[in-house]
Amino acid sequence: MKKILNGLAAIGFLLAGTAGAAVAAEEANHAAEPTHFPIHKPKEMDWTFAGPFGTFDKGQLQRGLKIYKEVCSACHSMNLVAFRTLEDLGYSEAQVKAFAAEYEVQDGPNGEGEMFTRKALPGDHFPSPFPNTAAAAAANGGAAPPDFSLIAKARGVERGFPTFVFDIFTMYASNGPDYIHALLTGYDEQPPAGMEIAEGTHYNPFFIAGKSLAMAKPLSDGQVTYEDGSPETVEQYSRDVAAFLMWAAEPHLEARKQTGFAVMIFLVLFAGLVYATKRRVWANVAH
């Protein structure tokens, strides 16, 4: 009887060991699967427009516009940005008019009740490369490319505690451009062994909604020519287009900061006047 019990115990241990090995192997196969997104958080970049006194670099914005026009505009619209606002980038009225004329927009109806296309005017907005969202999705594997008008404000990674506390005092508001730059430069990283990437998608550890996305790597070194001698690298392209998209999302950023600074100065002076008045009014009153 004792031998039988020992034999059953040995079989039990063998089965338990086999099951444990199977579970361990399965866990190893899925160890590379992420449990949160993005897998890597973007690092904080040095932007000219960051901080309470930051301003846009117009040269960088012009380069970013070039990146958008030659690369991004093939898929992404910018429906809320009017051509006339490009004068803020340092272009003359004639240059803006010539730039707008390179695009065609739909207008109408005409006298016969039909829609027609014409060259864009400075008052028009950047047109979409697709007639509608369904057409955009059909042309991009079922995923419609997002509009870029507010993308720099709509996208960003939460920095968590306690970092966000310090952000209040440093006025950090560049998480959108930081994310865009990280995403555009993150395509060259390879997924770890065991991670399964869906067919037709591309691994990017900085993508905020998953481990891979439908958009392939859009930029490569030497893809766009810069007339000002700036480096023609993915790193520089990513910085420039991220800065441009920040301007597109918040074109009045500089004016807002100037107004805020003036208001703070006023409040300080006003507080001083109120305190001086209080001292003068109650100076002869016994306390």
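A residue counts as buried when its relative accessible area is under 20%. Methionine 195 comes out at 11% relative accessibility, so it is buried. That cut-off will come back a few times below. Keep in mind that what you're looking at is a predicted model.

**The chain as a whole**

Let's start with the big picture. The chain has nine helices and six strands. It runs to 287 residues, and 32% of them count as buried. How much area does the chain expose? About 17,700 Å², with carbon and sulfur atoms supplying 60% of it. Now take the contacts between residues at least 6 apart in sequence: 64% of these join residues at least 24 apart.

**Back to methionine 195**

Find the loop between α7 and β5 (202-203), and you'll find methionine 195 in it. Who does methionine 195 touch, leaving aside its neighbours within four places in sequence? The answer is Ala32, Glu33, Pro34, Ile39, Tyr203 and Lys211. Glutamate 33 deserves a second look: 162 residues of chain lie between it and methionine 195 in the numbering, yet their C-alpha atoms are separated by 5.4 Å.

Alanine 198 lies in that loop between α7 and β5 too. Its relative accessible area is 45%, so alanine 198 is partly exposed. From alanine 198 to alanine 214 you count 16 residues in sequence, and C-alpha to C-alpha they are 9.5 Å apart in space.

**Helix α7**

Now step back to the helix that leads into this loop. Is α7 largely enclosed or left open? Nine of its eleven residues are buried, so the rest of the structure largely encloses it. The buried ones are Gly176, Pro177, Asp178, Tyr179, Ile180, His181, Ala182, Leu183 and Leu184. These buried residues pack against α5 (151-154) and α8.

Histidine 181 makes a handy example. This residue is part of α7, which covers residues 175-185. Its relative accessibility is 4%, so histidine 181 counts as buried. Neighbours within four places in sequence aside, histidine 181 is in contact with Met45, Trp47, Glu235, Ser238, Arg239 and Ala242.

Two of those names turn up again as a pair: arginine 239 lies over the face of tryptophan 47, at 5.2 Å from the ring centre. Elsewhere, arginine 159 does something similar with tyrosine 172, lying over its face at 3.9 Å from the ring centre.

**A set of annotated positions**

UniProt has an unreviewed entry here, and under "binding site" it lists Cys72, Cys75, His76 and Met215. These positions are spread over 144 residues of sequence, but they cluster in space, with a largest C-alpha distance of 11.2 Å. Where do they sit? Cys72, Cys75, His76 and Met215 are all in the lining of the largest pocket.

Here are two of these residues side by side. The contacts leave out residues up to four places away in sequence.

| Residue | Place | Relative accessible area | Contacts |
|---|---|---|---|
| Cysteine 75 | loop between α2 (58-70) and β1 (78-82) | 30%, partly exposed | Pro129, Phe130, Asn140 and Pro145 |
| Methionine 215 | loop between β6 (212-213) and α8 (234-249) | 29%, partly exposed | His76, Tyr187 and His202 |

Notice His76 in the bottom row: methionine 215 is in contact with it, and UniProt's "binding site" list includes both His76 and Met215.

**Aromatic rings**

Finally, the rings. Two aromatic rings pair if their centres lie within 6.5 Å. By this rule the count comes to 16 aromatic pairs. One of them joins phenylalanine 161 and phenylalanine 164, with 6.0 Å centre to centre and 55° between the planes, which makes the pair tilted. How accessible are these two? Phenylalanine 161 has a relative accessible area of 69%, so it is exposed. Phenylalanine 164 has 42%, so it is partly exposed.

Which residues do ring pairs link into a cluster? They are Tyr68, Phe83, Phe99, Tyr103, Phe126, Phe148, Phe244 and Trp247. Try picking them out in the 3D view. Two of them, Phe244 and Trp247, carry numbers inside the range of α8 (234-249).

Note on methods: Residues are numbered from 1 along each chain as its sequence is written. This is a predicted model: local features need pLDDT of at least 70, side-chain atom pairs count only at pLDDT 80 or more; totals for chains, interfaces and linings use all residues. Side-chain values use heavy atoms; hydrogens and water are left out. Rings of Phe, Tyr and Trp (its six-membered ring) pair if their centres lie within 6.5 Å; planes under 30 degrees apart count as stacked, over 60 as edge-to-face and the rest as tilted. Buried means under 20% relative accessible area, exposed over 50%, partly exposed in between (1.4 Å probe, protein chains only). A charge sits over a ring if NZ of Lys or CZ of Arg is within 6 Å of the ring centre and within 35 degrees of the ring normal. UniProt positions are given in the numbering used here, feature names are shortened, and annotations may be inferred rather than shown by experiment. On a 1 Å grid over the protein atoms alone, a cavity is a set of points where a 1.4 Å probe fits but cannot get out, and a pocket is an open set with protein on both sides within 12 Å along at least five of seven lines; lining residues have an atom within 4 Å of a point. Helices (H or I, at least four residues) and strands (E, at least two) are DSSP runs, numbered from the N terminus. Contact means heavy atoms within 4.5 Å. Accessible areas come from the Shrake-Rupley method with a 1.4 Å probe; for residues, only the protein chains shown count as cover.
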